[in-house]
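Good morning, colleagues. Please turn to the sequence and the structure as they appear on the screen, and I shall then go through them with you.

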Amino acid sequence: MIRSSRFRAAVRGVTACGKGNIAVEFGMAAPILVLLAFGAFDYGSAYVEKVRLNGAARAGAQQALYNSQDWQNTSQMEQVALEEYVGHALTPTEIAAMSVSATANAFCACTAGVTLACTATCPGGDSPGQFVSVTLNNATPLTLPYPWANGDTVPVDGQAVVRVR
């Protein structure tokens, strides 16, 4: 019985003194707060990269609208998209060295979503519309090695589809 009362007195003495509680609580919460901050930073970085890629893809797709006679020139659309991404004109050597990849596709489709040859007719008898799709891909680096991420980067893409005619 004596031991039990000493133990109770010791527990009461520790719980009554609150001088170190804030430091202990901060020490337990700080790692979680730091992980949340890095996660928010990585999410924000990936979001900004997606906005940049979407804008560059849109600029590449709009190139087909500027030159509608040459709307199937996918290499020109890809170059315009990459130049919009970096903000200046690029040489072929610079394009080959970039981590961002651009893919353009010119196709014909009906209003029902059926993709077919540009010389064919749609099921309703209409002529198919001419479309251009531009996609840009990039890998955004992560600040921490998250267990759910595949490696130290996360893939981000941007896409734009425009009807030319």
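Thr103 stands opposite Thr135, a residue of strand E3. This is a predicted model, and I ask you to keep that in mind throughout. The wider setting of this pair is strand E1, residues 101–109, and strand E3, residues 129–141, which run antiparallel and are joined by nine bridges.

Two helices pack on the sheet. Helix H2, residues 21–66, touches E3 and E4, and its direction makes about 30° with that of E4. Helix H3, residues 74–86, touches E1 and E3, and here the angle with the direction of E1 is about 135°.

How are the four strands of the sheet ordered? The sheet is open, its order is E2-E1-E3-E4, and the pairing is antiparallel. At the edges are strand E2, residues 115–116, and strand E4, residues 153–163, each of which pairs on one side only.

Let me now return to helix H2, where we find both Ser45 and Tyr47. Is Tyr47 buried or exposed? Tyr47 has a relative accessible area of 53%, and therefore counts as exposed, the cut-off being over 50%. Ser45, by contrast, has a relative accessibility of 25%, so it counts as partly exposed.

Tyr47 also belongs to a nonpolar patch on the surface, together with Tyr43, Val48 and Val51; the accessible area of these residues together is about 470 Å².

Finally, a distance: from Ser45 to Ala97 there are 52 residues in sequence, and their C-alpha atoms are 22 Å apart in space.

Notes:
Residues are numbered from 1 along each chain as its sequence is written. This is a predicted model: local features need pLDDT of at least 70, side-chain atom pairs count only at pLDDT 80 or more; totals for chains, interfaces and linings use all residues. Side-chain values use heavy atoms; hydrogens and water are left out. Two strands pair if DSSP finds at least two bridges between them. Contact means heavy atoms within 4.5 Å. Axes are lines fitted to C-alpha atoms, for helices over the stretch in contact, and angles run from 0 to 180 degrees between N-to-C directions. Buried means under 20% relative accessible area, exposed over 50%, partly exposed in between (1.4 Å probe, protein chains only). Patches are made of residues with over 30% relative accessible area and no salt bridge: like charges are joined within 9 Å, nonpolar side chains (Val, Leu, Ile, Met, Phe, Trp, Tyr) within 5 Å. Accessible areas come from the Shrake-Rupley method with a 1.4 Å probe; for residues, only the protein chains shown count as cover. A salt bridge is a side-chain nitrogen of Lys or Arg within 4 Å of a carboxyl oxygen of Asp or Glu.
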